[in-house]
Amino acid sequence: MIRQLTHGLGEDMKTAQQVADYVKGTLHGDGDTPLSTVGSLEHASSGALAYAETKYVDRIAASQASCILVPPDNIPERTVIVVENPRVAFARAAQWIVPSTLPAPGIHKTALISPDATIDPTASIGAWTIVEAGAQIGRGTTIFPGGYIGTNCHIGEQSILYPRVVLYPESLIGDRVILHAGVIIGADGFGFVFDGERHLKVPQVGTVRIKSDVEIGANSCIDRGAFDETYIDDGAKLDNLCQVAHNVRIGPHAVISSQTGIAGSSTIGREAMIGGQVGIADYCRVDDYGMVGAQCGIPTRKRIPAGQVFWGTPARPLKDIKRQQADLGRLPRMRKEIQQLREEMELLKNTLASKNS
Amino acid sequence: MIRQLTHGLGEDMKTAQQVADYVKGTLHGDGDTPLSTVGSLEHASSGALAYAETKYVDRIAASQASCILVPPDNIPERTVIVVENPRVAFARAAQWIVPSTLPAPGIHKTALISPDATIDPTASIGAWTIVEAGAQIGRGTTIFPGGYIGTNCHIGEQSILYPRVVLYPESLIGDRVILHAGVIIGADGFGFVFDGERHLKVPQVGTVRIKSDVEIGANSCIDRGAFDETYIDDGAKLDNLCQVAHNVRIGPHAVISSQTGIAGSSTIGREAMIGGQVGIADYCRVDDYGMVGAQCGIPTRKRIPAGQVFWGTPARPLKDIKRQQADLGRLPRMRKEIQQLREEMELLKNTLASKNS
Amino acid sequence: MIRQLTHGLGEDMKTAQQVADYVKGTLHGDGDTPLSTVGSLEHASSGALAYAETKYVDRIAASQASCILVPPDNIPERTVIVVENPRVAFARAAQWIVPSTLPAPGIHKTALISPDATIDPTASIGAWTIVEAGAQIGRGTTIFPGGYIGTNCHIGEQSILYPRVVLYPESLIGDRVILHAGVIIGADGFGFVFDGERHLKVPQVGTVRIKSDVEIGANSCIDRGAFDETYIDDGAKLDNLCQVAHNVRIGPHAVISSQTGIAGSSTIGREAMIGGQVGIADYCRVDDYGMVGAQCGIPTRKRIPAGQVFWGTPARPLKDIKRQQADLGRLPRMRKEIQQLREEMELLKNTLASKNS
């Protein structure tokens with residue numbers, strides 16, 4: 001009744017020649033070599049495709065992989081596929097080789113679907129999932145067991161919601177989005193007004209809009225906007241246990257590592273790279289292609305200029321932080337130098353004083 | 001079968017005059033203006049109430065809001081409600097205008113309710129919810145689908161547990177508490193004793209007590225006491241992904257931002273403000289009205305005195321941290337000054353030596 | 001239908017003499033004293049066992065505990081059990097006294113079990129749990145309601161999965177493992193390759209292997225390996241909201257406090273102690289018995305030598321960090337000294353100049 005999700009155990013094997021054709025590479029060796037999974041150069045077993053970047057070509061000889069994607073500069077005597085960028089070709093080939101056997105289309109009999117919801121017949125709705133009124137679920141989308149799809153949520157095509165994902169009402173999810181288990185989309189932003197005695201809750205009437213090809217890691221939380229949208233643009237990737245507050249905007253293809261928190265109304269630019277455990281306060285801007293090192297703390301309204309690398313708390317340009325750390329390392333020597341100067345100064349003063357007396 | 005939760009899309013509209021009366025303000029303009037939602041000054045649309053603080057009154061002219069709460073000092077020529085504190089009045093009005101359409105009372109047919117549990121007939125128990133023996137659920141409380149209410153848990157009146165909240169046994173929840181999706185209350189505290197070979201688990205036999213008007217953000221965890229209570233007092237607000245360890249006590253109306261962790265037996269005072277990603281070690285005290293900046297690290301047994309502002313790791317008074325950062329900024333100049341002194345010292349010594357020779 | 005989980009409310013009472021025998025201690029006082037729970041020295045009530053370490057023996061007199069584990073050096077006039085290490089004896093006794101009444105064996109009628117899964121008849125499978133094809137669940141293991149056990153997962157004996165735990169396919173869990181509510185095992189690691197336009201997902205085909213006697217706190221996430229295993233060895237303890245990335249290896253009896261994140265391919269040694277909110281970048285090593293202070297940030301490929309204590313960001317030996325902080329504290333005085341030297345230098349130069357003129 002529930003079909004299995006299989007990682008790396010596909011039956012529909014590819015051959016090395018087929019993979020070479022798929023990644024537009026040149027095959028050397030046995031084109032009939034069967035490939036059913038992928039692996040690292042060091043640990044791949046027979047039947048696996050691996051890859052070697054130029055700096056690791058000396059490890060190729062020892063690899064058990066059946067076929068290896070290699071750069072053109074040094075082609076070994078075994079079954080390999082020559083490509084310009086082995087890493088990129090590997091990712092493409094791996095997506096093709098590794099079967100992602102998802103549950104079959106259809107609505108599980110235990111799911112509770114509002115008569116006012118619209119579910120494409122090719123979508124798969126797992127057991128004990130609720131789909132509320134006005135919700136729309138697109139072609140080929142999979143919702144694993146225990147999903148909660150609130151009122152008026154829209155989910156596009158070919159998206160995957162792993163077990164126990166919760167979408168609060170009016171959350172909008174694009175195509176080919178992956179939400180890992182335990183993700184919470186659209187919970188109330190943290191908005192209160194203190195009236196002198198207590199914090200009054202400001203109703204959070206905004207929404208969340210997640211564009212296409214976004215992936216969000218397990219147990220991450222994306223709050224709904226206070227009045228407007230919290231927005232995650234195409235191709236952005238968020239790791240596990242991230243926090244995205246109300247009205248945050250994350251640019252296309254930005255990458256945000258685990259346990260990072262982004263406070264209200266901050267903006268992350270296109271292809272920005274944010275390390276793990278970074279804290280970004282409210283109303284900050286990380287401009288396009290900005291990079292922020294792990295555990296960095298960006299204070300309120302701070303702006304990271306386009307393409308720059310910042311680190312530390314409070315965040316500074318990486319070179320300033322490195323200089324500051326070098327300065328710190330020189331402190332003991334500075335102290336010693338001051339002491340020497342003092343001693344020599346006393347000596348000089350005594351010398352002069354004795355001359356004068 | 002499952003009623004929808006609607007944010008900001010109410011049918012029972014209010015008029016501007018009704019809102020003015022509700023917040024005890026003075027209406028200027030058209031009292032019949034219908035108001036069905038709220039918004040920000042910049043993005044509100046027709047039908048929305050917004051507010052303008054004194055510093056933003058110049059933005060009023062461009063706002064599309066149908067009615068604006070304004071301070072008495074500068075009353076524009078449009079439909080406005082004059083109040084002393086527009087922000088507080090807005091929060092009050094918004095709670096009144098925005099309908100929080102919760103699920104209807106009643107127990108969903110798929111819920112599993114122990115015959116020894118007591119559930120008020122006006123409570124709403126969602127699908128696939130368990131309520132164990134000895135549990136009590138009060139008047140008007142809503143448990144969204146997938147709730148787990150352990151043995152002997154008590155929940156007061158008008159509380160809301162969003163989807164997939166887990167209460168371990170004996171957790172006590174007050175009135176008007178909001179627990180967002182994925183919150184875990186009462187998991188075992190992290191208590192072990194190393195016997196020389198392995199860590200023995202110390203059974204965590206305490207409980208969690210959460211008083212009234214508390215709100216806890218998505219996927220946050222509040223551990224049960226080791227022997228006694230973990231305690232969160234009236235009106236405290238915790239953001240997403242917070243960690244509260246065994247025997248912590250959080251004072252009334254304290255505010256704790258996202259991803260903050262509070263270790264065992266620490267105490268947070270009344271109306272304390274704790275920033276995001278703060279780490280508070282065990283046996284610390286943040287006294288009443290204390291403020292702790294984002295990413296601050298408070299070492300074991302440290303006390304933050306009442307009303308003071310601390311920052312940095314290890315935590316220090318904000319002014320000390322700022323002075324230290326200024327000192328750090330002066331390091332390159334200090335190094336240069338020492339070098340100059342050294343050069344002048346050599347010169348002087350040479351001058352004296354040549355005189356003596 | 002669902003039996004209750006009771007903490008500290010057992011009916012099968014022990015006597016003080018029985019407890020003394022169990023921990024191999026010497027009873028003084030009334031051996032018939034009934035003991036049904038445990039508590040702290042300060043807050044224990046009648047019927048409770050407590051313990052006193054040597055430094056706290058002066059608090060024994062005021063304790064309401066019915067029996068106290070004490071060290072041999074100072075035996076008070078009340079019912080006590082004398083042992084070498086009261087803390088270790090307490091943990092042992094507490095596990096024995098406090099009944100952990102788990103749900104009865106059997107499969108709840110609402111659970112969905114694949115015909116190709118193997119479940120020991122003494123295991124307990126809670127409501128709305130899925131067990132997929134090829135999964136195996138061992139003797140005496142308990143899965144609370146809402147569990148998701150993916151294809152080919154194996155769980156050993158006497159393990160406990162609290163409500164809403166998710167195991168992605170092929171996750172391997174040992175004996176006597178405790179996974180708290182909301183734990184996610186085996187979600188995809190954060191692996192992407194940028195092709196110049198977008199991040200290509202690298203299929204994560206590895207697995208997670210968790211050995212025996214491991215405990216993992218609520219809402220923590222352990223990602224599957226990219227190609228190989230993410231591995232947690234015997235007896236390791238992880239607190240709430242921790243993040244363990246792909247290919248991480250955690251050694252036996254390591255202790256990792258809450259909200260710590262460990263990035264890809266890093267290794268934590270035997271009995272290492274990692275504080276809360278620590279960030280460990282990729283390819284790091286914390287060697288056996290290493291200690292890492294709270295909020296420490298360990299940069300990529302850094303190694304913490306065996307048995308050493310590190311702190312700060314970037315991580316340094318604790319004594320270096322302390323010296324650096326002392327240096328920082330001396331900065332204002334250094335500045336003053338430089339200024340004094342400058343003044344004296346000017347004075348000297350003037351004196352010499354006037355002499356020469």
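This tour visits a sheet in chain C and then the interface of chain A and chain C.

The model is predicted: local features need pLDDT of at least 70 and side-chain atom pairs count only at pLDDT 80 or more, while totals for chains, interfaces and linings use all residues. Residues are numbered from 1 along each chain as its sequence is written, and side-chain values use heavy atoms, with hydrogens and water left out.

Select first the open five-stranded sheet of chain C, whose order is E2-E7-E6-E5-E4 with mixed pairing (strands are DSSP runs of E, at least two residues, and helices of H or I, at least four, numbered from the N terminus; two strands pair if DSSP finds at least two bridges between them). Its edge strands are E2 (26–28) and E4 (37–38) of chain C.

Next, show strands E6 (residues 67–70) and E7 (residues 80–82) of chain C, which run parallel and are joined by three bridges. Here C:Val70 stands opposite C:Val82.

Add helix H1 (residues 16–23) of chain C, which packs on the sheet and touches E2, E5, E6 and E7 of chain C (contact: heavy atoms within 4.5 Å).

Now turn to the interface, where 68 residues of chain A are in contact with 73 residues of chain C. Five salt bridges cross the interface of chain A and chain C (a side-chain nitrogen of Lys or Arg within 4 Å of a carboxyl oxygen of Asp or Glu). Select A:Arg92 and C:Asp195, a salt bridge whose closest N and O atoms are 3.1 Å apart.

Finally, colour helix H4 (331–356) of chain A, which gives the most to the side of chain A that touches chain C, with 13 residues.

Key: Chains are lettered from A and ligands numbered from 1 in the order in which they are written. Axes are lines fitted to C-alpha atoms, for helices over the stretch in contact, and angles run from 0 to 180 degrees between N-to-C directions.
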